[in-house]
Amino acid sequence: AAGARAVYSLLRCRVCLGSPYLIEGNLLQADAMHDSCWCQNPEDAVDTAAEPWNVAKGHDAFYVRGLAGAQKAGLGVYNSEYIVFQPYQILPLYQVDYVLE
């Protein structure tokens, strides 16, 4: 319909991080780790490892520290982010729908 505004949605969730593995630095390739469906050793995909991978720690998420402008284009993140892999780590709480004026 003419004049209809787009409705955007925000999903607010509770996330169980468990034991996140710290990643600092850039990926070696733009598509590295984009097909990962399990939390596994990322050392072959990143330019530096902040800590050695330790299976005994039971990592089940990644914490990617943002590089605040020092990241390589398409290979790093500006802001810090967590990456979880399993649906049981996420509990949706509510959805907020809004329009921009």
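**Reading a five-strand chain: a tutorial dialogue**

Read along the sequence, the chain follows the pattern β-β-β-β-β.

Q: Which helices and strands does the chain have, and how are they assigned?
A: Helices (H or I, at least four residues) and strands (E, at least two) are DSSP runs, numbered from the N terminus. In this chain there are zero helices and five strands. The model is a predicted one, in which local features need pLDDT of at least 70 and side-chain atom pairs count only at pLDDT 80 or more, while totals for chains, interfaces and linings use all residues. Residues are numbered from 1 along each chain as its sequence is written, and side-chain values use heavy atoms, with hydrogens and water left out.

Q: Why is the chain described as more spread out than a compact globule?
A: The radius of gyration is taken over C-alpha atoms, and the globule rule is 2.2 Å times the number of residues to the power 0.38. Here the radius of gyration is 17 Å, well over the 13 Å that the rule gives for 101 residues, so the chain is more spread out than a compact globule. Along the principal axes, the C-alpha atoms fill a box of roughly 55 × 30 × 20 Å.

Q: What share of the residues is buried?
A: Buried means under 20% relative accessible area, exposed over 50%, and partly exposed in between (1.4 Å probe, protein chains only). Buried residues make up 22% of the 101 residues in the chain. Tyr-21, which lies in strand β2, is buried because its relative accessible area is 1%, whereas Leu-91, in strand β5, is partly exposed with a value of 48%.

Q: Which residues does Tyr-21 contact, leaving aside its neighbours within four places in sequence?
A: Contact means heavy atoms within 4.5 Å. With those neighbours left aside, the partners of Tyr-21 include Pro-42, Trp-53, His-59 and Phe-62. The C-alpha atoms of Tyr-21 and Val-64, 43 residues apart along the chain, are separated by 8.3 Å. Leu-91, not counting residues up to four places away in sequence, touches Cys-13 and Arg-14, and its C-alpha atom is separated by 26 Å from that of Pro-42, 49 residues apart along the chain. Among contacts in the chain between residues at least 6 apart in sequence, 59% join residues at least 24 apart.

Q: Which residues form the largest nonpolar core?
A: A nonpolar core is a set of buried Ala, Val, Leu, Ile, Met, Phe, Trp, Tyr and Cys residues joined through side-chain atoms within 4.5 Å. The largest one has twelve residues, among them Tyr-21, Ile-23, Phe-62, Val-64 and Phe-85. The elements that give two or more residues to this core are β2 (20-23) and β3 (61-64). Phe-85, with residues up to four places away not counted, touches partners including Cys-37, Trp-38, Cys-39 and Phe-62.

Q: Is Gln-86 buried or exposed, and where is it found?
A: Gln-86 is found in the loop between β4 (81-84) and β5 (90-98), and counts as buried because its relative accessibility is 14%. Not counting residues up to four places away in sequence, Gln-86 touches Cys-37 and Trp-38.
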